[in-house]
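Reader: Please set out this model in questions and answers, and give the cut-offs behind each term as it comes up.

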Amino acid sequence: MSTEIRMEQAGALPPPQARPIPDRLRGLRRCVNLAWISVSLAGGLLWGQYLMRVLHPYAWAFVVTAIVAILSTLGVLLLGSWRVLAGPRRGAAVGLLIAGMMPAASVAGLIVAGAQQYRRGHIAPTVPFVLFAIAGSSLGEIEAANRYPSRMESPHLVMFYDDWVRDPRAELAEMERHVANLERMTRRPLRAKIHWVRGPLLGQHHLAIGGLALGSDATPVAAVDRHELAHAVIYQAMPPGLSPAMLLSEGWAEAQSRDAAALAERAIGMRELIRNLATQSEAQVKEILAGWQDAEGFGQLAGRARVVGPRSMSFLRELTSPFWFHRDRTINYAIGGAFADHVVRTYGADRFVALYLASRPGGFEGACQDVLRQPLDKVESDFWHDLERQTMRGLRPAR
Ligand SMILES: [Zn+2]
């Protein structure tokens, strides 16, 4: 009897339910998802702005996604390590930890590759370099607004400056004339005002990227202000994906910041230097160049001149070859400055810009023919004759 009652009572009880097991990995999984989403959004934002040639990037949108990426990656690291140590489901926790650290590892790889390329002065539109550059300009825009207490606007410029600028109004007016003149010469209206910063940003001096130009910290303005603003003007005419020959890019900026005689003299001096180096043995050249800035570049060009013949080497062909095309170094400035000035004086600034936009790696010769309607060798011989005439004129005694 008692056994039956016990059985009936037991039969009346609700069926035993399994207690839900708390999902201890839920927080970690959320952090992993957030890390992937935020890094993808930040990368997509930078790349999209590059393709759309945005001149002043959406800097705060980038900063917010970057902060979310950093916090979620820290979350992955802390929660993941804890779960791997404390369990349960250590195997799954290891998998999530690895998956969650992958976006940060990719970003670190891109930053290292982009920074190395920038230090080497190889200005080519690779994915790491583009992302590095647009991220840098986004942060730069924010720093400009906070680091420089004053700003003043003109029709083409917004000048960010500090107390040490002696006469802001006059200096802004001078650079406004410079930029307006370049706009008129190139016949390409600016798409947005250039943010002209009177000093460094993010520890970087003297560079132009997108709608940002970092000028000198001199007052009154210096040649480098004209140089960087000239870069910023022509940048606005560039289509997505174009990375011009450094010969033309640095040449244009040099031509707009120095006088023609000085440019001619420097280019002729550089040509003679290379020709002289080419008469030396490889070992002697190495010894001479020890400690020089861009010894590698001088050595390469002297080597080519030795092979081709010092007097018959085409500087324009060599400086637009794969070795030199994206190389942001002295020789491209020295010869490019005089060459850009020669093209502007001979064919006009709008034709120079057309040549600049048409020149692709491996395609400079064709661009000369298409835009200047001359074979490269003729363009080159006219160029050097023009410089020789100018330097001879400079040497002639004054009457
Ligand atoms: Zn430059």
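Reader: Is strand E2 largely enclosed or not enclosed by the rest of the structure, and how many of its residues are buried?
Author: In this predicted model, local features need pLDDT of at least 70, side-chain atom pairs count only at pLDDT 80 or more, and totals for chains, interfaces and linings use all residues. Residues are numbered from 1 along each chain as its sequence is written. A residue is buried if 20 or more other C-beta atoms, placed from the backbone, lie within 10 Å of its own, exposed if 12 or fewer, and partly exposed in between; strands (E, at least two residues) and helices (H or I, at least four) are DSSP runs numbered from the N terminus. Strand E2 is largely enclosed by the rest of the structure, because its buried residues number four of the five.

Reader: With which strands does E2 pair, and in which sense?
Author: Two strands pair if DSSP finds at least two bridges between them. E1 and E2 are antiparallel over four bridges, with Ser150 opposite Tyr161 in E2, and a hairpin of three residues joins E1 to E2. On E2 and E3 there are also four bridges, and Val158 has His195 in E3 as its bridge partner,. The pairing of E2 is thus antiparallel with E1 and parallel with E3.

Reader: Which strands stand at the edges of the sheet?
Author: The open sheet has five strands in the order E1-E2-E3-E5-E4, with mixed pairing. E4 runs antiparallel to strand E5 (residues 212–214) over three bridges, and Leu207 is the bridge partner of Leu214 in E5. Because each has a single partner strand, one side is left without a neighbour in the sheet for the two edge strands, E1 (150–153) and E4 (207–209).

Reader: What angle does the direction of helix H6 make with that of E2?
Author: Axes are lines fitted to C-alpha atoms, for helices over the stretch in contact, and angles run from 0 to 180 degrees between N-to-C directions. Neighbouring strands of the sheet are turned by 15° against each other on average, direction ignored. Helix H6 (residues 168–186) packs on the sheet, where contact means C-beta atoms, placed from the backbone, within 7 Å. It touches E1, E2 (157–161) and E3 (194–197), and its direction makes with that of E2 an angle of about 145°.

Reader: Which helix supplies the largest share of the side of domain 2 that touches domain 3?
Author: The domain bounds, which come from an automatic or database domain assignment, are domain 1 (26–130), domain 2 (148–235) and domain 3 (246–395). The centres of domain 2 and domain 3, taken over C-alpha atoms, are 27 Å apart, and the contact takes 11 residues from domain 2 and 10 residues from domain 3. H6 and helix H7 (223–235) each supply at least two residues of the domain 2 side. The largest share, six residues, comes from H7.

Reader: Which residues touch the most other members of the largest nonpolar core?
Author: A nonpolar core is a set of buried Ala, Val, Leu, Ile, Met, Phe, Trp, Tyr and Cys residues joined through C-beta atoms within 7 Å. The largest one has 72 residues, of which helix H14 (residues 330–347) gives the largest share, nine, and at least three come from each of domain 2 and domain 3. The residues touching the most other members are Ala213, Leu229 and Ile335.

Reader: Is Leu97 buried or exposed?
Author: Leu97 is found in helix H4 (residues 90–120) and touches Val76, Gly80 and Val84, not counting residues up to four places away in sequence. Because Leu97 has 20 C-beta neighbours inside 10 Å, it counts as buried.

Reader: Which peptide bond is cis, and which value of phi does Arg187 have?
Author: Most residues other than glycine have a negative phi, and most peptide bonds are trans. The bond from Thr219 to Pro220 is cis, with omega near 0°, and Pro220 is placed in the loop between E5 and H7. Arg187, in the loop between H6 and E3, is not a glycine, yet its phi is positive, about 55°.

How values were computed. Two residues are in contact if their C-beta atoms, placed from the backbone, lie within 7 Å.
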